[in-house]
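Hello,

Here is the structure I promised to pass on to you. Have a look at it first, and then read my notes below.

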Amino acid sequence: GQIKTVTNEEAETLFEDKAIPEIKVDAIKLPPIPVNSEERYKYINHRLGRKPDVQLVDESGEIRYVQVIHLSDDSMQLSWVGSIVGSIIIE
């Protein structure tokens, strides 16, 4: 005999008090990926489950053109022309 009848409102309150809060991960920030002067392409397995925006920023802070081929929602291949030293930024 320790069973008690509760109303829907009481049950919702009890559930909210004990529920594990939903974790929001809208903005996973990946660290910049370095690029050296000998490279002309990179294969990146980012595991974000989506096709992210990508920028290649050279050492002087200029955004450089990079061709992005999304192989899946978790990986991509980047390629560019010329010798660039900088970082790939994935958002």
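Glu39 sits in the loop between β1 (33-35) and β2. Please keep in mind that this is a predicted model. Is Glu39 buried or exposed? Glu39 has a relative accessible area of 19%, and because the cut-off for buried is under 20%, this residue counts as buried. Its side chain makes a polar contact of 2.8 Å with the side chain of Lys42. Leaving aside residues up to four places away in sequence, Glu39 also touches Pro34, Trp80 and Gly82.

Lys42 leads us into strand β2, which covers residues 41-45. The side chains alternate along this strand: Lys42 and Ile44 point to one face and are buried, while Tyr41, Tyr43 and Asn45 point to the other face and are not buried.

What does β2 pair with? Five bridges join β2 to strand β6 (residues 75-79), and the two run antiparallel. Tyr41, for example, stands opposite Ser79 in β6. On the β5 side, four bridges join β5 to β6, again antiparallel, and there Ser79 is the bridge partner of Gln67. Together these strands form an open sheet of three, in the order β2-β6-β5, with antiparallel pairing. The edge strands are β2 and β5 (67-70), each pairing on one side only. From one strand to the next, the twist averages 15°.

Now for the interior. Which residues make up the largest nonpolar core? There are twelve: Val35, Ile44, Leu48, Val54, Leu56, Val66, Met76, Leu78, Trp80, Ile84, Ile88 and Ile90. The elements giving two or more residues to this core are β3 (54-58), β6 and β7 (86-90). You will recognise Ile44 from the buried face of β2, and Trp80 from the contacts of Glu39. Another core member, Met76, has a long list of partners, again not counting residues up to four places away in sequence; among them are Lys42, Ile44, Val54, Val68 and Ile90.

Finally, the chain as a whole. It has one helix and seven strands, and along the sequence the pattern is α-β-β-β-β-β-β-β. Buried residues make up 23% of the 91 residues. Of the contacts with a separation of 6 or more, 66% are between residues 24 or more positions apart. The chain exposes about 7300 Å², with carbon and sulfur atoms supplying 51% of that area.

Best wishes

Definitions and conventions:
Residues numbered from 1 in each chain as written. Predicted model: local features only at pLDDT ≥ 70, side-chain atom pairs only at ≥ 80, totals over all residues. Heavy atoms only, no water. Buried < 20%, exposed > 50% of the residue type's maximum accessible area, 1.4 Å probe, protein only. Contact = heavy atoms within 4.5 Å. Areas by Shrake-Rupley, 256 points an atom, 1.4 Å probe, with all protein chains shown as cover. Pairing = 2+ DSSP bridges. Polar contact = N/O pair within 3.5 Å; in protein donor to acceptor, adjacent residues only side chain to side chain. Core = buried A, V, L, I, M, F, W, Y, C linked by side-chain atoms within 4.5 Å. Axes fitted to C-alpha atoms, helices over the stretch in contact; angles between N-to-C directions.
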